[in-house]
Amino acid sequence: MGIPAQRFEPSPKRQAAMEVLSRPSVTYWQDVWRRLRKNRLAIVGLIGVALLILMAIIGPYLQDYSYYEQNLATGKNLPPSGEHLFGTDDLGRDVFVRVWYGARISLIVGFSAALIDLVIGVLWGGFAGFKGGRIDEFMMRIVDVLWGLPYLLIVILILVVMNDPGLIPILIALTITGWLNMARLVRGQILQLKEQEFVLAAQTLGASTRRLMFKHLIPNVMGPIIVMITFTVPTAIFAEAFLSFLGLGIQAPFASWGTMISDSLIVILMDDWWRLFFPAFFLSMTLLVFNFLGDGLRDALDPKMRK
Amino acid sequence: MLHFIGRRVVLMLLSLWVIATLTFVLMKSIPGDPFTSEKKYPPQTIANLKAQYGLDKSIPEQYVTYLKNLVTFDLGFSINNTSRTVNDMLSDGFPISAELGGYSVFLALCAGVLMGSVAALWQGRLPDYAMMILAVIGISVPSFVLAPFLQKYLGLEWRLLPLAGWGKPEQIILPASALALGQVALIARLMRSSMLDVVTQDYIRTARAKGLPPWRVVSRHTIRNAIIPVVTIMGPAIAAVLTGSFVIEKIFSIPGMGKYFVESITNRDYPVIMGTTIFYASFLILMNLIVDLMYGWIDPRIKVSGREGS
């Protein structure tokens with residue numbers, strides 16, 4: 001009644017306007033970065049990790065001492081000062097340089113362990129999940145049995161037998177059981193993904209197994225894999241410190257946070273607090289920033305998981 | 001259910017066999033034998049000693065004897081102190097370690113559940129932030145870093161608690177807290193998110209709607225349902241407390257199993273290292289089985305099946 005008839009005319013279809021994107025399209029990774037940027041703790045973690053890497057690279061050069069240089073005559077147990085920012089230890093070695101040298105060891109152990117776990121875990125889990133059936137059953141039974149073994153005990157056992165403390169034995173020991181997590185994760189994801197249409201489509205178009213695996217399946221699992229890596233790094237750093245603390249890891253004169261903490265245990269009862277405080281503080285901070293980053297990445301990569 | 005238990009037990013025995021065999025292979029791969037030492041013994045003495053410990057037999061024969069001994073819980077002897085067997089050390093040290101570990105796990109569970117619940121109930125307010133700070137400290141400060149600071153301040157500077165030692169009740173507090181903190185943080189975090197999940201459920205609204213007082217809703221319905229996921233991390237928690245106790249016992253000079261273990265590592269006393277590892281491994285594997293079975297028993301909604309659910 002009140003509405004004029006021309007109101008009911010169909011609006012003209014503007015084909016061109018419909019095709020125009022109102023906003024630039026956002027890729028998955030841009031979207032992840034956008035979500036990550038909004039998470040304050042994750043950014044703290046990211047900056048912390050970046051600073052740590054930077055200091056591990058340049059830190060040892062910032063003071064004119066080497067990590068092994070001793071000064072038994074006049075430089076023993078000096079408190080922090082302009083000359084020695086973090087003081088010196090009982091052999092007159094500069095704690096500042098040793099702390100950042102220890103950061104190098106920790107980061108090398110953390111990242112290498114994560115990388116080795118990644119390669120073995122993705123290959124093993126990916127293959128098992130992709131093949132399925134008997135092969136999957138057999139491969140995952142092996143993982144299940146190894147999974148039951150207590151991680152640190154196996155690591156200790158292997159290190160004791162190798163009887164040659166150092167970086168490489170630690171890495172071998174850490175990765176012998178470390179890849180299990182990754183294999184389980186990747187296998188579970190691949191099992192789900194391989195039933196989806198895009199895999200069928202790729203197969204129909206004649207994609208080889210290898211192409212299917214590395215072009216279609218693995219990229220789709222990248223999110224959870226990255227999160228897992230971010231949590232593997234602090235786990236390995238903790239394990240290295242723990243083993244070095246027990247005397248199974250990095251040995252003097254090399255500096256590791258675990259060794260430095262263990263060496264300064266008696267000292268805490270006196271007043272040379274700096275020898276314990278600095279390695280302990282940076283070890284804790286490292287574990288902290290990696291955990292912040294990992295939590296943030298988990299939320300950013302998988303928004304469904306977020307509460 | 002029976003099928004599930006059977007499967008888990010078979011898997012557990014396989015794990016035990018793997019660790020026993022691995023230990024044996026590693027032990028045999030060490031160059032030399034326990035009687036290669038600085039002191040030169042006459043060949044006859046060494047031959048006799050080897051015969052006494054069965055080392056003159058072939059490797060497969062030794063392996064069979066070794067497995068037989070394990071099944072009968074005979075873990076061998078110490079090289080450094082030949083009058084003591086590994087079993088002696090275990091019976092001396094394990095009760096002490098078990099007491100310390102038991103208190104730590106108990107403390108972690110109580111404090112974690114309490115703090116997680118409080119944080120969830122006061123979400124976004126002071127208790128929540130306080131818990132988050134503690135959780136952050138808990139995940140980032142390893143027990144062997146925390147312990148010396150506790151010793152220094154609570155023990156030495158303020159003289160509130162004994163610095164080290166074992167035997168008096170108050171001597172348990174510091175080592176047990178140092179061991180528990182990391183687990184408190186993990187459990188509190190898990191409990192908090194689990195509580196937040198549960199409070200939005202329909203049965204909580206129903207409980208409130210029928211007029212139950214708030215504390216009863218929390219104690220009867222919320223916590224009881226929210227605590228279920230916590231059970232799943234008890235296995236790893238026990239493992240973490242156990243490995244943590246190696247260094248904690250060293251720091252606080254507690255005469256437990258960890259002390260023997262660390263000493264045997266320092267002295268390269270292989271039979272003790274191997275025996276203790278096998279003992280610890282079996283203990284942890286058994287604990288994991290118990291935790292898994294408990295999980296199925298506590299939460300009847302979960303269909304326990306051998307397959308990975310996730």
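Here is a short walk through the structure above, from the place where its chains meet to one residue in a loop. Keep in mind as you read that this is a predicted model.

Let's begin where chain A and chain B touch. On one side, 42 residues of chain A take part, and they are in contact with 45 residues of chain B. How much area is buried between the two chains? The value is about 3900 Å², and carbon and sulfur atoms give 75% of it. If you wonder about the choice of quantity, the size of an interface is often given as the accessible area lost when the parts come together.

Now look for charged partners across this boundary. The count between chain A and chain B is one salt bridge. It joins B:Arg189 to A:Asp295, with the closest N and O atoms 3.5 Å apart. As for polar contacts, the count between the chains is two residue pairs, both at pLDDT 80 or more.

Which helices of chain A supply at least two residues each to the side that touches chain B? They are α5 (133-147), α6 (151-162), α7 (167-193), α9 (209-245), α10 (257-263) and α11 (273-301). Of these, α11(A) gives the largest share, with 10 residues. Sorted by class, this side of chain A has 29 nonpolar residues, five polar ones and eight charged ones.

Next, let's see what a record says about chain A. An unreviewed UniProt entry lists "transmembrane region" for several stretches of this chain, among them residues 142-161 and 167-186. In the model, residues 142-161 of chain A are 85% helix and 0% strand, and the end C-alpha atoms are 23 Å apart. Residues 167-186 of chain A are 100% helix and 0% strand, with 28 Å between the end C-alpha atoms.

Chain B has an annotation too. In UniProt, again from an unreviewed entry, "domain: ABC transmembrane type-1" covers residues 94-295 of chain B. That span is 83% helix and 0% strand, and its end C-alpha atoms lie 27 Å apart.

Finally, zoom in on a single residue of chain B. Where does B:Ser253 sit? You will find B:Ser253 in the loop between α11 (234-251) and α12 (257-266) of chain B. Most residues other than glycine have a negative phi. For B:Ser253, however, phi is positive, near 40 degrees. Is B:Ser253 buried, partly exposed or exposed? With a relative accessible area of 47%, B:Ser253 is partly exposed.

Technical notes
Residues are numbered from 1 along each chain as its sequence is written. Chains are lettered from A and ligands numbered from 1 in the order in which they are written. This is a predicted model: local features need pLDDT of at least 70, side-chain atom pairs count only at pLDDT 80 or more; totals for chains, interfaces and linings use all residues. Side-chain values use heavy atoms; hydrogens and water are left out. Contact means heavy atoms within 4.5 Å. Buried area is the accessible area (1.4 Å probe) that two parts lose on being put together, summed over both. A salt bridge is a side-chain nitrogen of Lys or Arg within 4 Å of a carboxyl oxygen of Asp or Glu. A polar contact is a pair of N or O atoms within 3.5 Å; within protein, one must be able to donate a hydrogen and the other to accept it, and residues adjacent in sequence count only if both atoms are side-chain atoms. Helices (H or I, at least four residues) and strands (E, at least two) are DSSP runs, numbered from the N terminus. Ala, Val, Leu, Ile, Met, Phe, Trp, Tyr, Cys and Pro count as nonpolar, Asp, Glu, Lys and Arg as charged, and the others, Gly among them, as polar. Buried means under 20% relative accessible area, exposed over 50%, partly exposed in between (1.4 Å probe, protein chains only). UniProt positions are given in the numbering used here, feature names are shortened, and annotations may be inferred rather than shown by experiment.
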